[in-house]
Amino acid sequence: MKGSTTPIVPGFYPDPTVCRVGDDYYLAHSSFEYFPGVPIWHSRDLLRWTQLGHVLTRRSQFARGDGRSSGGIYAGTLRHHGGRFWYVTTNVGDHDGGQLIIQADDPAGPWSDPVRVPQAIGIDPDLAWDDAGQCYLTWKALSFTEGEGGIMQARLDLATGRLLEPAYPVWQGSGLSAAEGPHLYEVDGLWYLLLAEGGTERGHAVTVARGPHPSGPFEGCPANPILSHRSTIHPTQNTGHADLVRAPDGGWAAVYLGARPRGSTPGFHVLGRETFLAGVNWVGGWPVFDEDRYDVPSANTAFTDRFDRPALDPRWVVPGGEPAVTVTADGLRIAEGLLCTRVRDLRWSAEATLESSGRFLLRLDHRHHYGLARYGDRVEASARVGDLDVVLATAFVPDGPVVLRIEAAPPASPTVPLGDAGPDEIVLSVGRPDGVRDLARLDGRYLSTEVASGFTGRMLALGSTTVPAHVRSVTYRPQA
């Protein structure tokens, strides 16, 4: 399938950063409020990825802060230098603590506790080393109270997190809004500074400049932006925030984020920002994106989890808190909070088998979710959209295991203006001895970024009600 329309890592996996070590590739993503944080992946061909785990697995690495939606861990940079892996990132829940630098011998972990860089306040940090071994930290200076401060840089002592010189501005982009996401590379004796510009919405773009030194002076590429789908009808939008890497054939490639909006204007993307792959050619000393160079296979997103192993699969994360779960011989117990996994397809169905009481939700954040809750002998279907929280229907069920089912289905109505449909419809159902009963069919646009705002994507969530939940299994299947 075309690389420009088929993500290599579908679902809510934004802000990709990649590095190569020999024949192996490693890919990491921002994860916002979800814990463990920063999913990390392995590949040999840049096309097929297997999750190794997470970079941030302890609260000593990732302070919870207030746990708010779209807070937590923002974009970072993954690099390999001096025989070690390095990851630098920002926790906006601990924003005044500066950037965080974590290191590991093995990308599967364990990763160290962070070294802080309190002199570098902002987001989107990058690490790069020159031939003399000096490390340069480049970041987007940003205060949530005072506003943007531009793209800054300084030499850095990795051991202490101390800047070795006063921070100085470097290239500030091509003139579009929200210059951020810097990545710095040396290629054939020149230094290239890649930026994301235009904001991470429809105007998103990749721009580049080059210069003789890590600090410049930089000249912008005459063809900037070198990647953008703004003001087009391309099915993948919001393209930007790229990271370059040497490809298996000796050439170059780039990972970048994009979104797949559906439905009528303004288009609704529901999976969050996803990771795509492009080839890169060098023409006249500048990188040129070849978005459809790769034939990208569809990722295998289906799973059935019976919770019959001591440790949870790395697909499971917790929003803004700590996991209050126990895996027992007969399934999963959830005392409080939510246990979540990313939705990774535009059309799909999912089933949770509950032994007794519990919740099964489709959520974008704590104020936007649809779901089913079992309270003993009854199941309620409900919808939360902003300040509205409504029970829509109730069904009675017998004792014993009950299957709660959620499906993202094609809309039954045409889209606006011929009908009323959004990008999809969410069907909430319950399995009973007399068959499956649909309890609600809801417009999917209200669980989209365009309605709810923020930076995350849809998640399936398991939780408790008035008593701890007992979950036997969860099955997820993509649909055509």
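**Overall build, sheets and pockets of the predicted model**

With 480 residues, a compact globule would be expected to show a radius of gyration near 23 Å, and the protein comes out at 23 Å, so the two agree. That radius is taken over C-alpha atoms, and the globule rule is 2.2 Å times the number of residues to the power 0.38. This is a predicted model, so a pLDDT of at least 70 is needed for local features and 80 or more for side-chain atom pairs, while totals for chains, interfaces and linings use all residues. Residues are numbered from 1 along each chain as its sequence is written, and side-chain values use heavy atoms, with hydrogens and water left out.

Laid along the principal axes, the C-alpha atoms fill a box of roughly 75 × 50 × 45 Å. Of the 480 residues, 58% count as buried (buried means under 20% relative accessible area, exposed over 50%, and partly exposed in between, using a 1.4 Å probe and protein chains only). The secondary structure adds up to 1 helix and 38 strands. Both are DSSP runs numbered from the N terminus: helices are H or I with at least four residues, strands are E with at least two.

Now for the sheets. One open sheet is built from 6 strands in the order S28-S37-S30-S31-S32-S33, with antiparallel pairing; two strands pair if DSSP finds at least two bridges between them. At its edges sit strand S28 (338–342) and strand S33 (388–396), each pairing on one side only. From one strand to the next, the twist averages 20°, where axes are lines fitted to C-alpha atoms (for helices over the stretch in contact) and angles run from 0 to 180 degrees between N-to-C directions. Inside this sheet, strand S30 (residues 358–365) and strand S37 (residues 459–463) run antiparallel and are joined by 5 bridges. Arg-363 stands opposite Met-459 in S37.

Another open sheet has 4 strands in the order S6-S7-S8-S9, again with antiparallel pairing. S6 and S9 are at the edges with a single partner strand each, so one side of each has no neighbour in the sheet. Ignoring direction, neighbouring strands here are turned by 25° against each other on average. S6 and strand S7 (residues 84–89) run antiparallel with 5 bridges between them, and Leu-78 stands opposite Tyr-87 in S7. The hairpin of S6 and S7 has 2 residues between the strands, and Gly-82 there takes a positive phi near 65°. Next along, 5 bridges tie S7 to strand S8 (residues 99–104), also antiparallel; the bridge partner of Trp-86 in S8 is Gln-103. Val-117 belongs to strand S9 (residues 115–117) and counts as buried because its relative accessibility is 0%.

What about open space? The largest pocket has a volume of about 510 Å³. On a 1 Å grid over the protein atoms alone, a pocket is an open set of points with protein on both sides within 12 Å along at least five of seven lines, whereas a cavity is a set where a 1.4 Å probe fits but cannot get out; lining residues have an atom within 4 Å of a point. Grid points are joined across faces, edges and corners, and a volume is the space filled by probe spheres set on the points. The largest pocket is lined by 20 residues, with Arg-79, His-80, Leu-184, Tyr-185 and Glu-186 nearest its centre. Strands that each supply at least two residues of this lining include strand S6 (77–81) and strand S10 (122–129), and S15 gives the most, with 4 residues. By class, the lining has 12 nonpolar, 2 polar and 6 charged residues (Ala, Val, Leu, Ile, Met, Phe, Trp, Tyr, Cys and Pro count as nonpolar, Asp, Glu, Lys and Arg as charged, and the others, Gly among them, as polar).

The second largest pocket has a volume of about 430 Å³. Its lining holds 24 residues, and Trp-41, Trp-49, Asn-300, Thr-301 and Arg-344 are the closest to its centre. Strand S5 (50–56) and S28 each supply at least two of the lining residues.

A few backbone oddities round things off. Most residues other than glycine have a negative phi, and most peptide bonds are trans. Yet Asp-124 has a positive phi near 60°; this residue is in strand S10 and counts as buried at 7% relative accessibility. The peptide bond from Phe-35 to Pro-36 is cis, with omega near -5°, and so is the bond joining Asn-224 and Pro-225, with omega about -5°.
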